[in-house]
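I opened the model today to look up a few points about how its chains meet and how one helix is packed, and I am keeping the notes in the order in which I checked them.

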There are 2 protein chains.
Amino acid sequence: MKKYKNPPQSQWSTLTQRPTQSFAEIEETVKSIFKEIQTKGDTAVAKYTSLFDGIKLENFLVTENEIKEAEKQVLTEIKDAIALAKSTIYKFHSAQKTSKIEVETTKGVFCWQEKRPIQKVGLYIPGGTAPLFSTVLMLAIPAQIAGCDEIILCSPPDKNGKVNPAILYAANLCGVTKIYKVGGIQAIAALTFGTETIPKVYKIFGPGNQFVTVAKQVATQFGTAIDMPAGPSELLIYADNSAIPAFVASDLLSQAEHGTDSQVILVSNSQKLIDEVEKEIENQIQVLSRKEIAQKAIDNSKLIFIEKENDALDFINEYAPEHFIICSKNEVYFINGIQNAGSVFIGNFTPESAGDYASGTNHTLPTNGFSKNYSGVNLDSFSKAITFQKISEQGLKNIGNAIEIMADAEGLQAHKNAVTLRLNALKNE
Amino acid sequence: MKKYKNPPQSQWSTLTQRPTQSFAEIEETVKSIFKEIQTKGDTAVAKYTSLFDGIKLENFLVTENEIKEAEKQVLTEIKDAIALAKSTIYKFHSAQKTSKIEVETTKGVFCWQEKRPIQKVGLYIPGGTAPLFSTVLMLAIPAQIAGCDEIILCSPPDKNGKVNPAILYAANLCGVTKIYKVGGIQAIAALTFGTETIPKVYKIFGPGNQFVTVAKQVATQFGTAIDMPAGPSELLIYADNSAIPAFVASDLLSQAEHGTDSQVILVSNSQKLIDEVEKEIENQIQVLSRKEIAQKAIDNSKLIFIEKENDALDFINEYAPEHFIICSKNEVYFINGIQNAGSVFIGNFTPESAGDYASGTNHTLPTNGFSKNYSGVNLDSFSKAITFQKISEQGLKNIGNAIEIMADAEGLQAHKNAVTLRLNALKNE
């Protein structure tokens, strides 16, 4: 662990830096696979599934039978846990519905804004040893609430051509329209262009390895929207002497086990707490199944003593963490002052893992400082706002002249003319 | 004008196609200027300002004196028009404020979502013959309502080193923090990296030529967000025999004068209306100052007869227009059914130019089919949603077991452990 004491502001830009990720070398690979899938469709998808996932598939679509089979395989206790998580996530995201906003901006000029669902969305769920069925909940539930017509899920098959049953169970439970056994670059490309069997979508969501990350970036060059740019996961904890060192250590470790490149930071005004957390980490890490991964992330973690709370807050806003835990007597100060964070966890009994699974907030969040300019996934991520306006004859009389003057000043005579014609018609009535 | 009669659905993908824009050849130029500005700052900005704008500037910052001077130069009638537009835009965008969304998702688990402003935003306003001061209003007003700390505006200087007075006046009126006389690629690069005098921002808004468009795309590769991808402006009108041909023609022409690549489409179930609109266009175009530009766009415009309203609606949703005018007896059918559009204009007295200037809706809208997956600029474009959660001891007892089970099933033991430690502490109490 790396320790810092009241680091001067001149050092902050270094301290808040993330590891630079350069994907230039894989971009060409990604682009060539995109080109192949654009022109050859399913044939190319099958080729790369065989190459990367080691399985030759005739059909990518998961059948009704496979879903029924998966339902039998998922343990009751996992189904119950999923039901609870679904309930809290559903409640929190439903509450984010906005109603039509209507304003008569001036007499006779009626303007309103309405949200309409993105009609076709694609959800990418990675495969591998850790089947992220929780991410299925986080993406499919708001997509369903928003009213997306087609919710397409892609997840890579294992060597036997199967997708993890918990993923299938959660997808079916949360209104996913169709599930395809396709992973990696080929999945993102198929969702971007559409193939004979896999539909083209308008927006792609979900996490993935570096190939999926680059593929999503490339997808945007073909007009497909994505949830947000990706980077390694992060946690910053602010804790004072009201925090419980063992709890703080357990949260830092839960972040550290995600990957060797996970970003783990503790900021505190208590040197005693920092020392105790350090000891707790050393104890707790011993028994973890992903100890080696966690150890590498912990080695790069930062323990930062900052004496004054306002300096700490400034530093945290400069860092802009994905996850931000506040364990402080002055929690209200930090709640009100935080400007840049993905999701905030408050108090000794709010571990980050609560938000990862079951509190109801979304776990798809901006990393890499992107909480300065991006929201985490929320209900609005699955819709777009459309504005409407209807102007009465009186309304056009009220604003028509202003439009004519402004259009004229901008040199756009036909814009002016569209109003003049109408105003003249009204004069002649 | 190109005419189509009940085009079969197999033809729709061709009919809804936009001109493909390939910027590959200028991307290298843009990237090399970015690199130079990243390393050399103001010196490089001055170099490219001299090269592209033909003026050597010592200072890019617009001074208080220059703003005062501009205020004197802007005509009173323009000031009055701006005041009216400011008032309607302010009303409509203020109404978009959302309050904190709070939900107790299950007993003891308190979740909420709050919007926080993006702290630093950059507004780009093109220069040239048509000074787009209306775009200043459309971007600066919601930025100010959202509460952005720094609202930076860049606009290119003319040969005398001045920015158009109406732009300066509008910017000062609408709370822009600082105005810089910098345009083109060098402006976008300066806002992306920051220089000695120009601040780095987190998100860049605004229109521009192909160099600015590519520069904004490149900016995203350095972590800066942008409002939306850009393409040529578009208008699709649905009109039946309740529409007034002269008005419809004037709207099509107001779109056509934007540029030779403007997309202009009329869909109608009345052949008579189509014929009359065609004649009106031929008449009205003669007197336009931008006649040559408009003529080229009109030559490529499409007049499409579609007999059935439901087919027309399907076609329009497939096209996903930036601007959509409805002049139909059945306007409610189209209002309710439109899924993909930037902004919608309803009735004979609602010309598109009303939304461009003074109705109150925003005129920065998704083109090129992007209304399928992007919103136009609105209040939320200037903020991000942050989620918060605070869990009581009882709350953690309620959801803790579900978290443990899910984390375990995903193979994330440290995530489980963060909950187990806390639940054990509560048992021992």
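I began with A:T387 and found that its bridge partner in strand 13 of chain B is B:S343. I note here that this is a predicted model. Going on to the strands themselves, I saw that strand 14 of chain A (residues 383–391) and strand 13 of chain B (residues 343–346) pair in the parallel sense, over 4 bridges.

I then turned to the whole interface, where 114 residues of chain B are in contact with 114 residues of chain A. The area buried between the two chains comes to about 10,100 Å², and carbon and sulfur atoms give 61% of this area. Of the area that chain B buries against chain A, 8% is supplied by B:F349, B:E410 and B:R422, which is more than any other three residues supply.

For the polar side, I noted 68 residue pairs in polar contact across the interface of chain B and chain A, with both residues at pLDDT 80 or more. On the side of chain B that touches chain A, I found 58 nonpolar, 40 polar and 16 charged residues. The count of salt bridges between the chains is 4, and I looked up A:E331 and B:K390, whose side chains meet in a salt bridge at 2.3 Å, N to O.

Last, I checked helix 9 of chain A (residues 210–220), at whose start a side-chain oxygen of A:N209 reaches to within 3.0 Å of the backbone nitrogen of A:F211. The buried residues of this helix include A:V212, A:V214 and A:V218, and the buried residues of helix 9 pack against several elements of chain A, among them helix 2 (24–40), helix 8 (184–193) and strand 4 (120–124).

Notes: Residues are numbered from 1 along each chain as its sequence is written. Chains are lettered from A and ligands numbered from 1 in the order in which they are written. This is a predicted model: local features need pLDDT of at least 70, side-chain atom pairs count only at pLDDT 80 or more; totals for chains, interfaces and linings use all residues. Side-chain values use heavy atoms; hydrogens and water are left out. Buried means under 20% relative accessible area, exposed over 50%, partly exposed in between (1.4 Å probe, protein chains only). Helices (H or I, at least four residues) and strands (E, at least two) are DSSP runs, numbered from the N terminus. Contact means heavy atoms within 4.5 Å. A polar contact is a pair of N or O atoms within 3.5 Å; within protein, one must be able to donate a hydrogen and the other to accept it, and residues adjacent in sequence count only if both atoms are side-chain atoms. Buried area is the accessible area (1.4 Å probe) that two parts lose on being put together, summed over both. Ala, Val, Leu, Ile, Met, Phe, Trp, Tyr, Cys and Pro count as nonpolar, Asp, Glu, Lys and Arg as charged, and the others, Gly among them, as polar. Two strands pair if DSSP finds at least two bridges between them.
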